[in-house]
Amino acid sequence: MDRGMVIFLGALLTFSSSWLGLILLPFWQLRDEQPYKKDDGDEPYPRPLQGKALAGKKVYQNNGCMYCHSQQVRSARFGNWWDATGEQKTGADIKRSWGQRRTVSRDYIYDNPTMLGTMRTGPDLANIGVRNPSEAWHHTHMFNPRSANAWSVMPSFAFFYTRERVVGARSDKALGLAREWTVDPGYRWRPSAAEWDAVLKERGDTILAGQAEAIDIKTAEGKKRLLDFWLTTPEEEYQVVPNADGDALVAYLLALRKAEVPLPEAKE
Amino acid sequence: MVAPTAPQLSPRDREKSAAERAAIDASCRAPVVAFAASAVAWLLVGSVLALLASVKLHSPYFLTGSAELTFGRVRMAHLQAVGIGWSSLATVAAILWLMCRLSRAELVYPKLLHVSCALWNVGVFLAVFGIIFGDAQSVEWLDAPPYAAPFFVAALGIVSAWTVAVFRRRRESHVYVSQWYIMGAVFWFPWLYLVAQFMIFWSPATGVVQPIVNWWFGHNVLGLWFTPAAVGSAYYLIPKIIGRPVHSYYLSIIGFWSLALFYSWAGMHHLIGGPIPGWLASASTVGSMMMIIPVLAVAINHHMTMRGHFHRLRYSPALRFTVFGAIAYTAVSLQGSFEALKDFSEVTHFTHYTVAHAHLGAYGFVTMIYFGLFYYMIPRLTGREWASPVLIRVHFWCAAVGITTYFAALSIGGWWQGRMLNNPDVPFGKIVDYLRPHLFTRSVAGVLLTVGHLAFAASFVMNLGGWGKKRAGGPTFFVEPVQPAAPTHEAVAAS
């Protein structure tokens, strides 16, 4: 092969073949997909993201959430496993209640970028808005995932939240987390012995007053018991509220409802 | 078949061809060293980012609380730093130097390549720090913010044009297999990059066409940019160092054309089980299985060339790194073909098994071969030998033990992660707990790799600073050979 032209034409042809086959063909096949309506009066599905959820998609994108969370539910026939009796079964995604059905290309027609994901360090999120619709839960989990699941290795997104002094009434957006999570945002806080002594000296009586049974704080064990209780109560003077990014991100998660509406092509 | 031997040259021919090589190397010196040096710098940046990301996966409280250093951003920045920084810049250095050497032509207008190198570095800088400060795209391999792309396009355009220009001015009429690979790479990668940028960012296709374009790109970056340059480099270095021609010309032809045809079809196996048309994944599974042909062709060719010369691995750093990379190429490619099978992918998709595979390819194969190339090429460009065999030994063993540990830890962990993910009776928390020791081991491996990179960078800086002895006799060996190095060392007519 001593001629540049042979190499060039060969490289062009082999590469074009894959470009035609893997890019243009699916592009033509999928470009006319329309939202689904069962009856004329129904709301079309899917619908494009709007407002806060759309802003939240950008937060999800900029912070690389998809590198731990996929957004696709795989078929009921996908992936073998064997139950306790040794019987072969499939379809873990659906059985883990990550979606009632598999996702298909029509679920994604308005997605840009389409963050299918490549890794499941964390659970699938295609349908998280249906599976867990609690805004409050998502906020506390986002602020510090260990507050919800001790085993979690998800990063804390405390930088989407502000810890501020309560002025007047508590904000209705304030997180319902106890002080062990909020005193040092992003970490789990526990005072040193000296710090705890100082707190006890200052307002030990107030803390003790809330106790159902008597605690003797002169003993080490009593002090520890009262501390454990105190850490699980919210801070009186401070509150944690989501900033715009945190708000938007949770709105996006709640809008992820991909496997909700049945689609004819997703039946199996 | 008679074993091929090196052609016999008269001492005068030898001298003439050595002078010619020196002139070619002199023309390459400034731009190729600039590309190589910035590659090494990004390797260090990428190592730090990798360590951060790795530690965060088992110790989530490590450096928490900063948006800039959150796992997702650091992970994307790592891929840009090592993929578009280190590996791509090293690829350019390899392409330019090998093309000049093999074409027996001087680099034309070498100074203009500094513009390309500067543009590329600005691009990587914008990519890495743009991601860190919140502009990441979450499109795997293409996470760089859109404002970085024009820099890569311009830089790549210059590199491709220069490579073709050198090729057209070749004095050597025989076109060697490495040159075919390089010609393919400088043509494929710009096209690949432009199509991906166009269909994902400038005029975005929505829906699942986007991940399809994404994986066509992501897979082909490895197969049609890094692989041809790294395999081409091994095809040059192995015969050159041991002093005998490549085993079989025909095998190299089969290897090249089957790679060109099949690799570009293989990318969709990344979406097996996903919401894409079924025929697409099937087409790519076929492409992936067919990849066994080029891989075996290259493996047999390199092995047969090396046969009887394996003892040289004791002495030559360049050869040892290159042969490690060539073996990893065979291993990772065969593994990749089987991973594309549906039954296999059902377990390994969405797991760290894939991460282990990716690093065996990008590190065990591509990076190790570039280390080998640098150990051979840099002294010829700077005129100085490597100052310290100890540093090279530290580099080799850290890299070899590091990547092996990395691969073992994540392959085992990832496989069982996949098995447990497929079983809905296993609670998710149990899978996370199971993986932590494996991820910790990966961090230890990452520390080893980073120590190796520091040793490498130290050697590199010392060489540029003129600390090595002047190049006159033999190269720097791990240990001095028992017999004097074969005189054919420099004189093989691979070019």
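Analyst: Let us start with the term we shall need most: a salt bridge is a side-chain nitrogen of Lys or Arg within 4 Å of a carboxyl oxygen of Asp or Glu. The structure above is a predicted model, and by this rule the count comes to 28 salt bridges over all chains.

User: Which residues of chain B are linked in a network of salt bridges?

Analyst: The network joins E20(B), R104(B), E106(B), R171(B) and E172(B) through salt bridges.

User: How many salt bridges are there between chain A and chain B, and which other values describe the contact of the two chains?

Analyst: Between chain A and chain B the number of salt bridges is zero, although 76 residues of chain A are in contact with 93 residues of chain B. The area buried between the two chains is about 7200 Å², and carbon and sulfur atoms give 65% of this area. There are also 24 residue pairs in polar contact between chain A and chain B, with both residues at pLDDT 80 or more.

User: Which elements of chain A supply the side that touches chain B?

Analyst: At least two residues each are supplied by helix 1 (4-30), helix 2 (51-62), strand 1 (81-82) and helix 3 (92-95) of chain A. The largest share of that side comes from helix 1 of chain A, with 21 residues. Sorted by class, the side of chain A that touches chain B has 39 nonpolar, 28 polar and nine charged residues.

User: Are the partners of the salt bridges within chain A buried or exposed?

Analyst: The answer depends on the pair, and burial is read from relative accessible area, where under 20% is buried and over 50% is exposed. E43(A) forms a salt bridge with R47(A), with the closest N and O atoms 3.0 Å apart, and both E43(A) and R47(A) are exposed. In the salt bridge of R101(A) with D107(A) the closest N and O atoms are 2.8 Å apart; here R101(A) counts as buried because its relative accessibility is 9%, and D107(A) counts as buried because its relative accessibility is 2%.

User: What does the salt bridge of R203(A) with E236(A) tie together?

Analyst: The closest N and O atoms of R203(A) and E236(A) are 3.5 Å apart. R203(A) lies in helix 7 (residues 193-209) of chain A and E236(A) in the loop between helix 8 (220-231) and strand 4 (238-242) of chain A, so the salt bridge ties together parts that are 33 residues apart in sequence. With a relative accessible area of 27%, R203(A) is partly exposed, and E236(A), at 47% relative accessibility, counts as partly exposed as well.

User: How many aromatic pairs are there over all chains, and why is the pair of F321(B) and Y375(B) called stacked?

Analyst: A pair of aromatic rings is described by the distance of the centres and the angle of the planes. Over all chains the count comes to 53 aromatic pairs. The centres of the rings of F321(B) and Y375(B) are 5.3 Å apart and their planes are at 25°, so the pair is stacked, given that planes under 30 degrees apart count as stacked. This pair links distant parts of the chain, since F321(B) is in helix 10 (residues 317-339) and Y375(B) in helix 12 (residues 352-382) of chain B, 54 residues apart. F321(B) and Y375(B) are both buried.

User: Where is E385(B) placed, and what does E385(B) touch?

Analyst: E385(B) is placed in the loop between helix 12 and helix 13 (389-421) of chain B, and its 1% relative accessibility is why E385(B) counts as buried. Leaving aside residues up to four places away in sequence, E385(B) touches P379(B), N463(B), G468(B), K469(B), R471(B), G474(B), P475(B) and T476(B). A polar atom of the side chain of E385(B) lies 3.2 Å from the backbone nitrogen of T476(B).

User: Which residues does A445(B) touch, and where does A445(B) lie?

Analyst: A445(B) lies in helix 14 (residues 428-464) of chain B, where it counts as buried at 0% relative accessibility. Not counting residues up to four places away in sequence, A445(B) touches G402(B), T405(B) and Y406(B). From C-alpha to C-alpha, A445(B) and Y406(B) are 5.4 Å apart in space, while in sequence they are 39 residues apart.

Key: Residues numbered from 1 in each chain as written. Chains lettered and ligands numbered in written order. Predicted model: local features only at pLDDT ≥ 70, side-chain atom pairs only at ≥ 80, totals over all residues. Heavy atoms only, no water. Contact = heavy atoms within 4.5 Å. Buried area = accessible area lost by both parts, 1.4 Å probe. Polar contact = N/O pair within 3.5 Å; in protein donor to acceptor, adjacent residues only side chain to side chain. Helix = DSSP H or I, 4+ residues; strand = E, 2+ residues; numbered from the N terminus. Nonpolar A, V, L, I, M, F, W, Y, C, P; charged D, E, K, R; others polar. Phe/Tyr/Trp six-rings, centres within 6.5 Å; stacked < 30°, edge-to-face > 60°. Buried < 20%, exposed > 50% of the residue type's maximum accessible area, 1.4 Å probe, protein only.
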